[in-house]
Amino acid sequence: MKALVFEAPERAVVSDLDAPDIGADDVLIRSRAVGICHSDFELLDGHYIIPVSYPVVPGHEWAGEVVEVGSAVADLRPGDRVVGECVVGPGGRDHFGFSIDGADAELFKARGEWLHRLPEGMSYATGALVEPFSVAYNAVLAAGGIDPSDTVAVIGGGPIGLLTVLAAGATNASVVLVEPQAHRRARALEIGAAHALDPTAAEFDDAVAEVTAGRGFDVVIEAAGAPPAMAAALEIAGHSARIVYVGIDVGSTAPAKLGLIQSKALRIRGIIGSAGVWPKTIRFLATGVVDPTSIVTATFPLHDALDALTAARDTASNIKVHIHPGE
C-alpha cells in the first residue's frame, strides 16, 4: 500500500508499505480524507512537542471507513465511517500521527476506543475537519457563554482561526478576524465574519474602536500562536473581557503590557487540544449550522502527497490542504 512517510527530520517520501496487522483491540481503516496541519511540519522539521521517533506516518486529522475489526472490538463493524482522536493512550501519552503511525496511508490501524462514528450525511471531508474544528469549538466554549451581546475578536486567520470564526459566529455574536494576510481576511468575510481587520494597518486602533463602539472586544480568542499576537490580545480586549489562548507557541517571547491584566480585570485561560469535546463537536457539525469545508483550498491524491505538503506550506495561497488517499 502507498503511504506518506517521514523517514527522518526534513525527509518525506511516498513509499510502498505492508498493510498493518491488527490486534484484538484494533480496527483496520481505509483512509478517505486527511488534513495537513502546522503540527505536521513541526514533526517533519524534527521538533514536536512530545518525544517522537522516525520513520513515522503522519496524519492526525482524518476520516475513513472500517475494513476489519479486532476480536475485542464490539461496537464497530466493516463499512462504518469513522474519525479518531489525536491525543490517545493512558494520560494522553501518545499522539496519533506523531508518536504512533497516522492516517496518511491507504490503510492504517487505530484502537477502537479512539474512534467515533460519523453521522449519516456527513462527508469524509467534513469528518477530516472534526479534529481542528473541535479545537476551535473548545476555544469558544472556554470563553464562557458567548452570546449575541458580545463582539469577539479572533486573532489569526489560519485553519484554527477561521474555524473559530465559524464556531463563534454560530452563537450570533459579532465576530471580527484580526489577520495580516488579505486572502484570509477575505475568506473570513465569506464565511460570516462581521469584519476583518489588518493589525499592521496604521488605522488599526481606530478600526478596533469603531467595531467595538470604543469599549474594546468582549472576547479575544488568540489562534495565531505568535508571541506579538498573544501580547496584542491584552491591548485589544475591553474591560472585563475574556481571553482564550489556543494558538501554540513553544519557547518564543515578546514584550507584553502585563499590567493590563489587572487594570482591565481580564479573565484569561489557555487551552490545549480538545479532549472530551469530540462527541459534542460531531453533534454540532451534524446540525449543518456551519460548513467547515469552506476553509479547504486544495486537495491531492496520496501519490502526490509531497506536492500537498508544498501547497500546505504556501500559506499565502492555501488555508487547509487535504489528501484523499482513495483518489
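Contact, as the word is used on this tour, means heavy atoms within 4.5 Å. The model on screen is predicted, and the stops below move from one loop residue through its surroundings and on to helices, salt bridges and the surface.

**Stop 1: Glu179 and its surroundings**

Select Glu179, which sits in the loop between strand E11 (174-178) and helix H5 (182-190). With residues up to four places away in sequence set aside, Glu179 touches Gly156, Gly157, Gly158, Arg184, Arg185, Leu197, Asp198 and Pro199. Which side chain of opposite charge is nearest to Glu179, and how far away is it? That side chain is Arg184, at 5.1 Å, and Glu179 is buried yet has no salt bridge; the cut-off that matters here is 4 Å between a side-chain nitrogen of Lys or Arg and a carboxyl oxygen of Asp or Glu. A polar atom of the Glu179 side chain does, however, lie 2.8 Å from the backbone nitrogen of Gln181.

Now add Asp198 and Arg185, two of the residues that Glu179 touches. The side chains of Asp198 and Arg185 meet in a salt bridge, with an N to O distance of 3.8 Å. This pair links distant parts of the chain, with Asp198 in the loop between strand E12 (195-197) and H6, Arg185 in helix H5, and their positions 13 residues apart in sequence. Arg185 counts as buried because its relative accessible area is 17%, where buried means under 20%.

**Stop 2: Thr151 in strand E10**

Move to Thr151, which lies in strand E10. Is Thr151 buried or exposed? Its relative accessibility is 7%, so Thr151 counts as buried. The side chain of Thr151 is joined to that of Arg215 by a polar contact of 3.2 Å. Leaving aside neighbours within four places in sequence, the residues in contact with Thr151 are Ser174, Val176, Val211, Thr212, Arg215, Phe217, Asp218 and Val219.

**Stop 3: helix H7 and its cover**

Select helix H7, residues 227-236, and colour Pro227, Ala229, Ala231, Ala233, Leu234 and Ile236, which are buried. The elements that cover the buried residues of H7 include strand E10 (151-155), helix H6 (204-211), strand E13 (217-222), E14, H8 and strand E15 (267-270).

Stay on H7 and show Glu235, whose side chain meets that of Lys257 in a salt bridge of 3.9 Å, N to O. Lys257 lies in the loop between E14 and H8 whereas Glu235 belongs to helix H7, so the pair ties together parts that are 22 residues apart in sequence. Glu235 is partly exposed, with a relative accessible area of 42%.

**Stop 4: helix H1 and Leu44**

Select helix H1, residues 38-45. How many of the eight residues of H1 are buried? Six are, and the helix is mostly covered; the buried residues are Ser39, Asp40, Phe41, Glu42, Leu43 and Leu44. Their cover includes strand E1 (2-8), strand E2 (11-16), E3 and helix H10 (305-313). After H1 comes Gly46, whose phi is positive, near 90 degrees.

Within this helix, centre the view on Leu44, which is buried with a relative accessible area of 7%. Apart from neighbours within four places in sequence, Leu44 is in contact with Phe6, Ala8, Pro9, Glu10, Arg11, Ala12 and Arg313. A C-alpha to C-alpha distance of 8.9 Å separates Leu44 from Glu7, although the two are 37 residues apart in sequence.

**Stop 5: Glu65 and Arg32**

The structure holds 14 salt bridges, and the next one to display joins the side chains of Glu65 and Arg32 at 2.8 Å, N to O. Glu65 lies in strand E4 (residues 61-69) and Arg32 in strand E3 (residues 26-35), so this pair ties together parts that are 33 residues apart in sequence. Glu65 counts as partly exposed at 24% relative accessibility, and Arg32 is partly exposed too, with a relative accessible area of 27%.

**Stop 6: a nonpolar patch on the surface**

Finish with a surface view and select Ile49, Ile248, Val250 and Ile272, which form a nonpolar patch with about 410 Å² of accessible area together. Where along the chain is Val250 placed? Val250 is in the loop between strand E14 (237-245) and helix H8 (259-263), and with a relative accessible area of 63% Val250 is exposed.

Conventions: Residues numbered from 1 in each chain as written. Predicted model: local features only at pLDDT ≥ 70, side-chain atom pairs only at ≥ 80, totals over all residues. Heavy atoms only, no water. Patch = residues over 30% accessible without salt bridge, like charges linked within 9 Å, V, L, I, M, F, W, Y side chains within 5 Å. Areas by Shrake-Rupley, 256 points an atom, 1.4 Å probe, with all protein chains shown as cover. Helix = DSSP H or I, 4+ residues; strand = E, 2+ residues; numbered from the N terminus. Buried < 20%, exposed > 50% of the residue type's maximum accessible area, 1.4 Å probe, protein only. Lys, Arg positive; Asp, Glu negative; His and termini not counted. Polar contact = N/O pair within 3.5 Å; in protein donor to acceptor, adjacent residues only side chain to side chain.
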